[in-house]
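The following exercises concern the sequence and structure shown below. Each task is followed by a solution that proceeds step by step.

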Amino acid sequence: MCTSAQRHGLHCILPPYILSQIAENGSPELRAQAMRTLLVDPTIRIIRASTAGPVTGTIARRRAAAGNILTPSPLRTIRDAGGEPEAPGAVIARREGQPPVDDAAVNEAYDGLGATFELFWEAYQRNSIDDAGLPLDATVHYDQQYDNAFWDGTQMVFGDGDGELFNRFTISLDIIGHELTHGVTEKEAGLAYYSQSGALNESISDVFGSLVKQRVLGQTAADADWLIGAGLFTDAVQGVALRSMKEPGTAYDDPVLGRDPQPGHMDDFVRTNEDNGGVHINSGIPNRAFYLAAIAIGGNAWDNAGRIWYNALLDPNTRANTDFAGFARITIQVAMRLYGSDSAEATAVTEAWQTVGVI
Amino acid sequence: MATSSTGTSGIKGEARVKVEGGVAHFPGRAREQVISFDELEAPQQQEIASLASAANFFNCRPAPQPARPDARTYTVCLTIEDQSREVRVSEPIRDPALAKLVSAVRRLSIGRAVAAAR
């Protein structure tokens with residue numbers, strides 16, 4: 001029985017756990033109504049009253065739904081490995097809130113993690129990698145002549161490049177966003193790092209890595225270069241970036257590195273045992289699908305197109321073994337759910353996947 | 001296994017390394033690189049031999065690692081005197097001694113790959 005002085009239809013009908021789901025995932029009107037109802041609950045009132053404790057993702061979303069937004073902030077720690085092949089690095093080079101230091105890699109990592117945190121919070125209301133305020137750790141100056149960056153399950157690791165073919169890996173903002181997004185994917189869909197699910201894992205990192213850069217630069221989908229890793233190559237390399245989401249297979253053609261092997265259509269899907277079944281090769285196909293969808297939708301790619309991909313990543317139907325076609329169906333369903341079955345967004349997403357031959 | 005050779009310090013040996021994975025796949029870098037000890041200065045020969053000894057390379061058993069996004073997998077084959085062994089290890093390499101050995105062999109291979117292609 002409803003006993004509150006002000007009656008709320010949702011409260012009388014629905015149990016709290018369903019109300020919580022609506023407060024997080026419903027339409028704006030339903031979210032606000034569910035939130036008002038939830039705030040009658042004494043537990044939520046305590047949460048709402050507490051402004052000193054950690055702001056977790058769920059609570060933050062509920063606060064946002066109630067119009068009581070406490071913006072979370074990143075908690076960054078940048079370590080310096082000093083050229084040793086060890087991570088985390090032995091020396092803390094910069095902590096959250098400290099001013100820039102006299103080390104470009106440290107500052108780029110710090111700023112890049114901040115920009116990635118901001119994209120996920122401000123565009124999708126996700127509080128860090130785990131949506132619960134996980135501290136963001138990175139190690140720079142990893143090893144010597146090390147031309148790579150990777151996510152080791154707990155932190156991002158960046159090399160300085162070999163100086164011959166590659167510059168330092170923090171130089172490229174989208175690469176920082178790419179690595180951190182691997183952490184998000186690991187916490188959500190957990191896409192297995194092999195074959196199509198692995199290529200999807202890679203593509204999602206490219207998508208949000210590119211969106212981090214586009215948002216910082218204030219670029220619309222039409223303005224963006226859609227390159228991943230621009231600036232990483234030295235002048236000795238014949239190429240512009242590691243990958244092109246717009247035109248997969250065109251990023252480089254160099255005597256040492258070889259030719260960009262990415263396909264942009266399922267007809268050219270590469271079957272291989274190398275590179276964990278071609279995770280960095282076949283990611284060109286879903287990359288191009290996102291590019292096409294974002295261009296067709298127009299405006300800022302991190303808004304509607306990014307929101308569709310983000311919600312698809314969180315969708316319970318996206319699982320460890322989800323393949324391209326499975327993810328395509330989920331993005332279309334999400335687009336219909338968010339914007340309507342006959343919406344321009346749903347049409348754009350459907351046609352993008354058709355164009356690259358996935359559906 | 002290719003024939004071992006004798007360098008200026010008298011250490012006979014050869015290192016082979018193949019690097020897979022990383023933040024991008026470069027077809028030109030996916031090839032195995034071979035470094036004969038004959039091509040190395042004596043200090044370099046000694047460094048590889050010392051690092052192999054410190055890592056207990058010919059008897060170590062690296063724990064299998066799941067594939068981490070963008071992490072590399074190294075296949076390192078070392079022949080030093082009458083010992084020879086191939087080890088496959090993925091980043092992050094938790095054993096510091098083995099990490100240093102892999103790093104040293106990897107760096108030796110970089111220049112050779114570039115020189116061979118240019």
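Two residues are in contact if their C-beta atoms, placed from the backbone, lie within 7 Å. The model is predicted: local features require pLDDT of at least 70 and side-chain atom pairs count only at pLDDT 80 or more, while totals for chains, interfaces and linings use all residues. Residues are numbered from 1 along each chain as its sequence is written, and chains are lettered from A and ligands numbered from 1 in the order in which they are written.

**Exercise 1. Overview of chain A**

State how many helices and strands chain A has, and what percentage of its residues count as buried.

Solution.
- Step 1. Helices (H or I, at least four residues) and strands (E, at least two) are DSSP runs, numbered from the N terminus. Chain A has 13 helices and nine strands.
- Step 2. A residue is buried if 20 or more other C-beta atoms lie within 10 Å of its own, exposed if 12 or fewer, and partly exposed in between, with C-beta atoms placed from the backbone. By this criterion 52% of the 359 residues of chain A are buried.
- Step 3. Take the contacts in chain A between residues at least 6 apart in sequence: 56% of them join residues at least 24 apart.

**Exercise 2. The strand β3(A)**

Determine how many residues of strand β3 (residues 136–140) of chain A are buried, and identify the strands with which β3(A) pairs.

Solution.
- Step 1. Five of the five residues of β3(A) are buried, so the strand is largely enclosed by the rest of the structure.
- Step 2. In a regular strand the side chains alternate between the two faces of the sheet. Here Leu136(A), Ala138(A) and Val140(A) point one way, and Asp137(A) and Thr139(A) the other way.
- Step 3. Two strands pair if DSSP finds at least two bridges between them. Strand β1 (residues 76–80) of chain A is parallel to β3(A), with five bridges; Arg76(A) stands opposite Leu136(A).
- Step 4. Strand β5 (residues 156–158) of chain A also runs parallel to β3(A), through two bridges, and Val157(A) stands opposite Thr139(A).

**Exercise 3. Two helices of chain A**

Compare the end-to-end reach of α10(A) and of α12(A) with the expected span, and list what covers their buried residues.

Solution.
- Step 1. The expected span of a helix is 1.5 Å times one less than its number of residues. For the 14 residues of α10(A) this gives 20 Å, and the end C-alpha atoms are 20 Å apart, which agrees.
- Step 2. Of the 14 residues of α10(A), 12 are buried, including Arg288(A), Phe290(A) and Ile297(A). They pack against α8, β7 (243–244), α11, α12 and α13 of chain A. Gly298(A) follows α10(A) with a positive phi near 85°.
- Step 3. Helix α12 (residues 324–339) of chain A has 16 residues and reaches 22 Å from its first C-alpha to its last, close to the expected 22 Å.
- Step 4. Among the buried residues of α12(A) are Phe324(A), Phe327(A) and Val334(A); their cover includes α8 (195–217), α10 (284–297), α11 (304–314) and α13 (344–355) of chain A. Just after α12(A), Gly340(A) has a positive phi of about 105°.

**Exercise 4. Arg307(A)**

Is Arg307(A) buried, exposed or partly exposed? Which residues does Arg307(A) contact beyond its neighbours within four places in sequence?

Solution.
- Step 1. Arg307(A) belongs to helix α11 of chain A. It has 17 C-beta neighbours inside 10 Å and therefore counts as partly exposed.
- Step 2. Apart from those sequence neighbours, Arg307(A) is in contact with Tyr124(A) and Leu338(A).
- Step 3. The C-alpha atoms of Arg307(A) and Val334(A) are 9.2 Å apart, with their positions 27 residues apart in sequence as the separation.

**Exercise 5. The contact between the chains**

How many residues does each chain give to the contact?

Solution.
- Step 1. Chain A gives 34 residues and chain B gives 30 residues.
- Step 2. On chain A, β4 (149–151), α7 (173–187), β9 (258–259) and α9 (274–278) each supply at least two residues of the side that touches chain B.
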